[in-house]
Amino acid sequence: MNNQMELSFLSLAENEAFARMVISAFLMQLSPTMSLISEVRTAVSEAVTNAVVHAYAGRTDGRIFLRASLDAQKVEIEVEDFGCGIADVAKAMTPFYTSQPDQERTGMGFSLMLSFMDGVHVTSAPGSGTLVKMTKLLHEEDVDAV
Amino acid sequence: MVRSRKNGDQLIVYLSGEIDHCTADKLRGEIETLLGDARIRRLVLDFENVGFMDSSGVGMIIGRYKTMRERGGSVSACGMKPTLEKLFRMAGLHRIIAQEEPGRQDEA
């Protein structure tokens with residue numbers, strides 16, 4: 001099976017749950033295990049939250065794109081924004097680093113994406129936005145219908 | 001308002017739904033209001049009805065741990081599903097927040 005989806009939505013905190021619902025629904029065609037769904041939707045939640053909290057920093061008119069494709073071997077997901085961008089991607093991906101420590105942020109967002117997915121690649125430039133590409137490899141025990 | 005129950009110096013908070021950046025702020029305010037009662041020394045977070053939590057929820061829990069630590073109290077958790085336990089371990093929360101067995105928090 002090969003399939004693709006693309007969606008865009010505004011940078012509202014309410015859309016974090018919406019993005020999780022959409023990616024879960026898209027993966028249902030694989031008859032996935034709860035564990036697979038849980039890991040992917042956590043990674044998507046972290047990426048979309050970063051876009052809402054950091055890229056657009058309180059702006060509610062920003063546009064966030066969620067794209068996903070799947071085949072028998074893997075699920076690929078992109079979360080893209082056109083917000084402020086990240087000057088130092090390596091620093092932003094350092095576990096427990098946060099630019100907003102006073103907001104009870106943990107700095108674990110990228111760490112969780114890296115832990116729950118098999119590949120995470122971040123492309124970003126100040127002023128032009130951020131693209132997070134994530135890959136989840138599918139194993140026999142993860143799905144019934146690949 | 002989040003459902004809760006006081007039992008002496010213990011406050012049990014029954015969390016529910018999805019805890020993310022969108023919902024964590026409101027939850028933080030509600031729990032802090034409940035912790036306005038200075039007698040409370042033990043905060044128990046019941047995750048039985050939590051369907052999802054991400055790092056924003058972790059931040060909210062660490063914040064309440066700090067509140068309780070400042071008054072010499074403690075935070076414990078119960079009712080966690082395996083995915084939540086995994087998140088707890090990855091975040092290192094298991095080192096600062098004890099896990100209670102279901103029903104244990106109801107003991108006097």
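**Helix α3(B) and the sheet of chain A**

Author: In this predicted model, helix α3 of chain B, residues 82-91, has Leu84(B), Leu87(B), Phe88(B) and Ala91(B) as its buried residues.

Reader: What makes the buried residues of α3(B) lie on the same side?

Author: Around the helix axis they cover an arc of only 100°, and therefore they fall on the same side of α3(B). An α-helix has 3.6 residues a turn, so residues three or four places apart point the same way.

Reader: Why are Pro82(B) and Arg89(B) called exposed?

Author: A residue is called exposed if 12 or fewer other C-beta atoms lie within 10 Å of its own. Pro82(B) and Arg89(B) are classed as exposed, and they sit on the face of α3(B) turned away from its buried side.

Reader: Against what do the buried residues of α3(B) pack?

Author: They pack against β3 (42-53) and α2 (55-70) of chain B. After α3(B) comes Gly92(B), with a positive phi near 80°.

Reader: How do you know that β4(A) and β5(A) are paired?

Author: Two strands pair if there are at least two bridges between them. Strand β4(A) is joined to β5 (residues 129-137) of chain A by 7 bridges, so the two are paired, and they run antiparallel. Opposite Gly119(A) stands Thr135(A) of β5(A).

Reader: What is the order of the strands in the open sheet of chain A?

Author: The order of the 5 strands is β1-β2-β3-β5-β4, with antiparallel pairing.

Reader: What makes β1(A) and β4(A) edge strands?

Author: β1 (3-10) and β4 (119-125) of chain A each have a single partner strand, so one side of each lacks a neighbour in the sheet.

Terms used. Residues are numbered from 1 along each chain as its sequence is written. Chains are lettered from A and ligands numbered from 1 in the order in which they are written. This is a predicted model: local features need pLDDT of at least 70, side-chain atom pairs count only at pLDDT 80 or more; totals for chains, interfaces and linings use all residues. Helices (H or I, at least four residues) and strands (E, at least two) are DSSP runs, numbered from the N terminus. A residue is buried if 20 or more other C-beta atoms lie within 10 Å of its own, exposed if 12 or fewer, and partly exposed in between; C-beta atoms are placed from the backbone. The arc is that of the directions from the helix axis to the C-beta atoms. Two residues are in contact if their C-beta atoms, placed from the backbone, lie within 7 Å.
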